[in-house]
Amino acid sequence: MHKQERDQREAQRQADRRRGRTLYASNEYKKAAAAIKATATHCHLCGQAFQNRNEITADHLRAGDPTSPLAPAHRKCNSSRGNRPLP
């Protein structure tokens, strides 16, 4: 891959990330994430119960899609999943 192609891909990736971040800052997203965290009992990824409210995150069921439905997950589980699809 040529340097120019790499630079173009990186610029596109950064633009996509900025666009996605604006969706995460909306009041609608914040309310949905807060509701998920408030009612969460188990991580949808590993199935373990939450021990500490600070470890709960709102995970998108379709990775990389900020408009997809949310489910509760441990911060560690959510981070390790990254942008990979659910198994």
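Helix 2 (residues 27-39) passes a quick ruler check: at 1.5 Å a residue its 13 residues should span 18 Å, and its end C-alpha atoms are indeed 18 Å apart. Keep in mind that this is a predicted model, with a mean pLDDT of 86 for the protein and 94% of its residues at 70 or more. Here's the rundown, starting with that helix.

**Helix 2: two sides**
- Tyr29, Ala33 and Ile36 are the ones to look at for the buried side of helix 2.
- These three cover an arc of only 60° around the axis, which puts them on the same side of helix 2.
- Swing round to the other side of helix 2 and you get Asn27, Glu28, Lys31, Ala38 and Thr39, which are exposed.

**Nonpolar cores**
- The largest nonpolar core is a set of six: Ala40, Cys43, Phe50, Ile56, Ala73 and Cys77.
- There's also a second, separate core of five residues, and Tyr29, Ala33, Ile36 and Ala58 are among them.
- As a rule, nonpolar side chains in soluble globular proteins tend to be buried together.
- Ile56, a member of the largest core, is in contact with Lys37, Ala40, Phe50, Pro72, Ala73 and Arg75, leaving aside its neighbours within four places in sequence.

**Strands**
- Strand 1 (residues 56-60) has five of its five residues buried, so it is largely enclosed by the rest of the structure.
- Ile56, Ala58 and His60 point one way from strand 1, while Thr57 and Asp59 point the other way; all are buried.
- Strand 1 pairs with strand 2 in the antiparallel sense, over five bridges.
- If you want a place to start on that pairing, take Thr57, whose bridge partner in strand 2 is Ala73.

**Tyr24**
- Tyr24 sits in helix 1 and is partly exposed, at 32% relative accessible area.
- Not counting residues up to four places away in sequence, Tyr24 touches Tyr29, Lys30, His60 and Pro66.
- The C-alpha atoms of Tyr24 and Thr57 are separated by 13 Å, with their positions 33 residues apart along the chain.

**Where to trust the model**
- Among the elements of the protein, strand 2 (residues 70-74) has the highest mean pLDDT, at 96, and helix 1 (residues 3-24) the lowest, at 76.
- Where pLDDT is low, the predicted coordinates shouldn't be read in detail.

Methods:
Residues numbered from 1 in each chain as written. Predicted model: local features only at pLDDT ≥ 70, side-chain atom pairs only at ≥ 80, totals over all residues. Heavy atoms only, no water. pLDDT = per-residue confidence, 0-100. Helix = DSSP H or I, 4+ residues; strand = E, 2+ residues; numbered from the N terminus. Expected span 1.5 Å × (residues − 1). Buried < 20%, exposed > 50% of the residue type's maximum accessible area, 1.4 Å probe, protein only. Arc of directions from axis to C-beta. Core = buried A, V, L, I, M, F, W, Y, C linked by side-chain atoms within 4.5 Å. Contact = heavy atoms within 4.5 Å. Pairing = 2+ DSSP bridges.
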